Structures are given as C-alpha cells and as structure tokens.
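Visitor: I am new to this structure and would like a close look at a single part of it. Could you take me through the aromatic rings and how they sit with one another?

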Amino acid sequence: MNKVTRLVISSLCAALTLGSCTKKHHQPAEPLKAPLEFTAVSQDSGMKAVLEANSLANYHLDFGAWGIARQEGNSTPYVLWSSDSMSEVYAEPDANAAGEYTGTFIPREPAYWLTGFAYSFIAVAPYTDGISGLVVTPSTDAQTGKDAITFNFYQGAKYAEGIFDFDLMGAAAATDAITTKPTTQNLTFWHLFSQININVSFVDANGTAVSTGTVSQMRLCNVKSKADYTLTFGGANNLSVACGNHTDDKTISLSGSSATVHILPQSITGFELYLDFTLDGAAYNDFKVNLNTTGHPTTYNWNEVYNWNIIIGPKADISFSFTVLPWVGDPVGDEIPII
C-alpha cells in the first residue's frame with residue numbers, strides 16, 4: 001500500500017442563499033480602495049488543457065467565498081462581503097476565446113484591498129446546492145484564533161440523480177498586513193470528499209486475464225450521505241477540515257465493471273459491496289466482497305483516493321487489493337486474497 005501523507009485542505013458548494021446580512025462592518029475610505037480578485041487553482045493536475053493544468057476552472061466556474069480584513073490597533077474589522085454567508089466569485093470569460101477563461105476569478109460583489117490590513121479567506125467550490133445551516137464564526141483574536149465556517153452537507157440528492165463524482169472543494173488563505181495592492185489573491189482548492197475507484201477484472205485458473213466475465217451491477221451499501229463540515233485556516237495557506245455527525249445511509253448502484261464514487265469522509269467499517277456478474281456462462285447475484293481485509297484502512301479521509309481492485313477467477317474465487325493515493329496518482333499495491 002502506498003499510504004500518502006495527507007495534505008491539509010478543503011471546499012463549499014451551496015446555493016448559499018442563507019438569509020445573509022449584506023451590511024459590512026467597516027466601509028473603507030475611497031482613496032484606499034483597490035479591487036480584489038482571485039487566482040484559484042486545484043492542488044492536483046487538472047484534466048483539461050484550456051488554462052494552466054491545475055486551474056480551478058477545469059473543475060468549477062464559480063465558488064463561494066468569505067473574507068475579513070483586520071488592522072492592528074483597529075477594533076473594527078472590514079468584512080469583505082457579509083458577516084454570515086459566502087459571496088459568489090466567478091471565472092472571468094476570455095473575451096478572445098469563446099468557452100475559455102482567463103484564469104482570474106472575480107467577486108460578484110466587489111471587495112477591496114486596504115493598505116495596512118491583513119486578510120483571511122475561506123472558500124468552497126462550487127457555488128451551488130447541497131449545503132444548509134451555514135454558520136460563520138470570525139475569530140475574536142486575530143493573532144491566535146481561527147476564523148471558521150461550519151455547514152451541513154447532503155450528498156444523497158446527487159446520488160439520487162445518478163451523479164456519483166460530484167466534487168466538493170475548499171480553500172483558505174491569509175496575508176500579512178498589505179503594504180501595496182497585490183495583483184491577485186491565490187487560493188489553492190482541495191477535495192473535501194474521498195474518492196473510491198472500483199475495478200473488477202476476470203482471470204482464468206492461471207491468473208491470465210480473460211474476457212469471459214462481465215459485471216452487470218455493483219452495489220455499495222451503508223454509505224453515509226449527510227455530515228457536518230467545519231473549515232478553518234490551517235496555516236501556510238492550507239485549510240483544516242473536520243467532518244463528523246454522519247447520518248442517512250444510502251445504497252449506491254453502479255453499472256459495469258469499473259466506477260468512481262465520491263463519498264463524504266467517513267468510517268467504512270459498515271460498508272458492504274455486492275456484485276452481480278457472469279463468468280463462463282454462470283450467473284452470480286448478490287456476491288458479497290469482503291472489504292475488511294488486513295491492512296485496509298477503516299476511515300477514509302478527504303482529498304484521498306482509494307483504489308479497489310477486485311479479481312474474479314474460476315469458481316468465483318475473488319481477491320481484493322486496495323491502494324491509498326493523493327487525489328491524482330498511479331495505482332500500486334499487492335493483491336490480498338479474501339476468499
């Protein structure tokens with residue numbers, strides 16, 4: 001197993017129309033204003049080549065952001081948008097190339113850089129549906145405290161729509177006191193889900209791959225689809241993520257011999273995987289795969305990929321191997337017999 005060191009991160013999603021107050025606690029003086037924009041990237045390589053390889057626009061074209069600026073000796077912070085919600089930030093279209101984007105993300109409601117102020121940001125992508133109960137908790141101590149955003153996330157609606165790879169992402173950043181206007185604020189987004197890649201293959205008695213087996217359906221049971229997230233700044237422009245209070249078990253039905261599923265970070269000790277397949281003309285239904293093998297992690301973390309490689313041989317003998325990787329990587333690992 002190639003066990004990775006977890007990178008600290010995160011994301012939001014949410015039609016964040018959560019009864020937010022639009023009043024800013026501090027209105028900066030006009031002469032000090034300079035428009036704020038973002039350069040938003042994903043921490044891993046993107047799948048498109050329209051922009052830089054890891055531009056967030058390869059994944060999402062908007063995100064929700066909350067920000068606050070504080071000045072030493074000034075007890076009144078400048079809340080960039082709203083004290084109790086997130087504001088939409090959108091990808092700027094490229095005027096010279098239809099369907100492409102410049103790489104700059106612009107707040108729908110303008111915010112400003114102020115000299116002498118230190119800034120903190122928390123963001124979640126995309127700016128869509130899925131969350132409720134958003135609570136913003138600004139730190140009361142700018143030196144030692146942490147700004148935090150807490151929300152409830154429900155993934156079950158996506159599963160019901162047959163969307164199993166919805167990608168919730170998050171970011172956080174902080175600056176020192178601004179002396180000159182930055183060109184842009186960099187945000188690095190991380191995946192807030194765990195990714196499971198399931199691959200089933202068939203072999204003959206000699207272990208040679210054969211094409212005489214097919215999988216009609218896979219069912220992954222007891223997947224928690226509701227949880228509470230708390231996002232805070234984790235230092236070095238990383239996001240610290242907590243995910244708990246898991247509820248609402250779902251069964252995810254997948255067609256074919258390979259599939260990718262995004263799940264909330266959670267314990268998988270209650271997971272069950274069933275296969276319907278045929279091999280050499282014989283049909284097997286509700287065949288249960290033992291996932292609790294030696295060395296297999298029992299808790300799946302955000303921003304990590306778990307590859308499940310299931311090999312079926314004659315008489316329905318099965319072996320199961322797993323690997324743990326960063327969100328993007330090549331699978332490695334040994335086979336672990338389970339039957």
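Guide: Tyr-284 counts as partly exposed in this predicted model, because its relative accessibility is 24%, a value that falls between the 20% under which a residue is buried and the 50% over which it is exposed. Its partner Phe-277, by contrast, is buried, with a relative accessible area of 2%. The centres of the rings of Phe-277 and Tyr-284 lie 4.9 Å apart and their planes meet at 20°, so the pair is stacked, since planes under 30 degrees apart count that way.

Another pair, formed by Trp-308 and Phe-320, has its ring centres 6.0 Å apart and its planes at 80°, and it is therefore edge-to-face. This pair links distant parts of the chain, for Trp-308 belongs to strand E20 (residues 304-312) and Phe-320 to strand E21 (residues 318-326), with the two positions 12 residues apart in the numbering. Trp-308 counts as buried at 0% relative accessibility, and Phe-320 is buried as well, with a relative accessible area of 0%.

Across the whole structure, a search finds 19 aromatic pairs. One aromatic cluster is formed by Phe-38, Phe-63, Trp-81, Phe-105, Trp-113, Tyr-119, Phe-121 and Phe-189.

Some rings also have a charge over them: the charged end of Arg-108 sits over the ring of Tyr-90, at 4.1 Å from the ring centre, while the charged end of Lys-158 sits over the ring of Phe-166, at 4.6 Å from the centre of that ring.

Key:
Residues are numbered from 1 along each chain as its sequence is written. This is a predicted model: local features need pLDDT of at least 70, side-chain atom pairs count only at pLDDT 80 or more; totals for chains, interfaces and linings use all residues. Side-chain values use heavy atoms; hydrogens and water are left out. Rings of Phe, Tyr and Trp (its six-membered ring) pair if their centres lie within 6.5 Å; planes under 30 degrees apart count as stacked, over 60 as edge-to-face and the rest as tilted. Buried means under 20% relative accessible area, exposed over 50%, partly exposed in between (1.4 Å probe, protein chains only). Helices (H or I, at least four residues) and strands (E, at least two) are DSSP runs, numbered from the N terminus. A charge sits over a ring if NZ of Lys or CZ of Arg is within 6 Å of the ring centre and within 35 degrees of the ring normal.
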